[in-house]
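Good morning, everyone, and thank you for making room for me. Please bring up the sequence and the model, and follow along as I walk through some parts of the fold.

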Amino acid sequence: MVFLSPALKQRLANPLKIGKVEIRSRVLQSPLSGVSDLVFRRLVRRYAPDSMMYTEMVNASRLYYVRKLPKIMEVDPNEQPISIQLFDCRPDFLAEAAQMAVAEGADTIDINMGCPVNKITKNGGGSSLLRQPQTAVEIVCAVVKAVDVPVTVKTRIGWSDQEINAVEFAQRMQDAGAQMLTLHGRTRSQGYHGPAKWEWIARVKSVLQIPVIANGDIFSVEAAVDCLEQTGADGVMCSRGTLGYPFLVGEIDHFLKTGQPRNSPTVIDRLRCAREHLVMLWEYKGDRGVRQARKHMTWYAKGFAGAAELREQLCRIGSVEQGCQLLDQAIADLEKLKSTSAVSNISDISSPAQLISQSLVTSC
Ligand SMILES: Cc1cc2nc3c(=O)[nH]c(=O)nc-3n(C[C@H](O)[C@H](O)[C@H](O)COP(=O)(O)O)c2cc1C
């Protein structure tokens, strides 16, 4: 049973201040490449209307050469608060991309300095900037100069266990003008393996004046509270815990504001949400949306008898109709089970966000 201490409640009672931007939530939805598009954010925002959301990371070089906003940079009109995340190693390209992002509606610009993927790091972007701190400083300075919204940085604790430089790096980002730092408590070498080292987040928090957001292994309300207690961070950012579970940010936000747990969605609620997600993706992206929906559907279908078989089928759907039919059938079967079995409350067989396997995805 999780408990919100009066001290923690008090510490987080005021809005999160990112420069001149005030956010009425201490729980953020992370940028997730291939996931956190406008459709996904709409779902998360339904349960967490006050929370900051991030677009998928956008390549500033590509923007520079193509001169056309990619779909992943699109934000809903009036979507707030929203940060557009950019990656690159060229300060001038990033400065220009940031101006385009502000024109699209970004409340803040986030620079990705944590992505471990080779394709990004070999071109000098993402976590490779941890090894090029001077370039990282120049990037922040250039972007701060180019836009009048706050500029933030999301990074990792270091390149490898032998090269942990989170404290010095974070200080340099702050000195360069970053207004918030999100720290994923893993090294680049770790990828997504092993536990996040929250102790490094605590060290960084103890020396920075700007807000520090803790990231890594926030899969539940309990984990969020533990992390906030252990690190002293100003907020938490949820990532893989939201895959197939867009309720998580709202659940944590609700708990931090009230000290009361919100009712978890049942298996049936989750499958209904999966169906809605599929239809929304299809409406927004057409057949490409259906192909993208396959992975989401398999993340939703967890924690009940027959889930493995359903996942097998969902990961091969060829049309929105086929996906809806499979989900409708699964919902009908569960409803029947609910009315006939001794399980009085279907939530008895539902699973919390932790059930979403931590080894699901390792793309970025
Ligand atoms: C599928 C996927 C896509 C990601 N895309 C991005 C991204 O675009 N930008 C970014 O800064 N981090 C990205 N990340 C990293 C997460 O935002 C987060 O830092 C990481 O997953 C650690 O948090 P967790 O342990 O709670 O998952 C991605 C992670 C995953 C699993």
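Let me begin with a pair of residues in the sheet: Leu183 has Ala214 in β10 as its bridge partner. Helices and strands here are DSSP runs numbered from the N terminus, with H or I over at least four residues for a helix and E over at least two for a strand, and two strands pair if DSSP finds at least two bridges between them. This is a predicted model, in which local features need pLDDT of at least 70 and side-chain atom pairs count only at pLDDT 80 or more, while totals for chains, interfaces and linings use all residues. Residues are numbered from 1 along each chain as its sequence is written.

Strand β9, residues 180-187, runs parallel to β10 and is joined to it by 4 bridges. To get from β9 to β10 the chain passes through helix α8, residues 198-207, in a right-handed β-α-β crossover; right-handed means that, with the strands pointing away from the viewer, the path from the first strand over the helix to the second runs clockwise. Opposite Asn215 in β10 stands His184.

How many of the residues of β9 are buried? The count is 8 of its 8 residues, where buried means that 20 or more other C-beta atoms lie within 10 Å of the residue's own, exposed means 12 or fewer, partly exposed is in between, and C-beta atoms are placed from the backbone. On β8, residues 151-158, 6 bridges join that strand to β9, again in parallel, with Val153 partnered by Leu181 in β9. The connection from β8 to β9 goes through helix α7, residues 166-176, and this β-α-β crossover is right-handed.

Now please look at β10 itself, residues 212-215, where Val212 and Ala214 point one way, Ile213 and Asn215 point the other way, and all are buried. Strand β11, residues 235-238, pairs with β10 in the parallel sense over 3 bridges, and Met237 in β11 is the bridge partner of Asn215. The chain reaches β11 from β10 by way of helix α9, residues 221-231, in a right-handed β-α-β crossover.

Next, some backbone geometry. Most residues other than glycine have a negative phi, and most peptide bonds are trans. Asp217, in the loop between β10 and α9, has a positive phi near 65°, and it counts as buried because it has 24 C-beta neighbours inside 10 Å. Arg67, in the loop between α3 and β6, has a positive phi near 60°, but Arg67 is exposed, because 9 other C-beta atoms lie within 10 Å. Pro81 lies in the loop between α3 (60-66) and β6 (82-87), and the peptide bond from Gln80 to Pro81 is cis, with omega near -10°.

Finally, how far should we trust the coordinates? The chain averages a pLDDT of 94, and 94% of the residues score at least 70, pLDDT being the predictor's confidence in each residue, from 0 to 100. Over residues 343-364, however, pLDDT stays under 50. Where pLDDT is low, the predicted coordinates should not be read in detail. Thank you for listening.

Terms used
Two residues are in contact if their C-beta atoms, placed from the backbone, lie within 7 Å.
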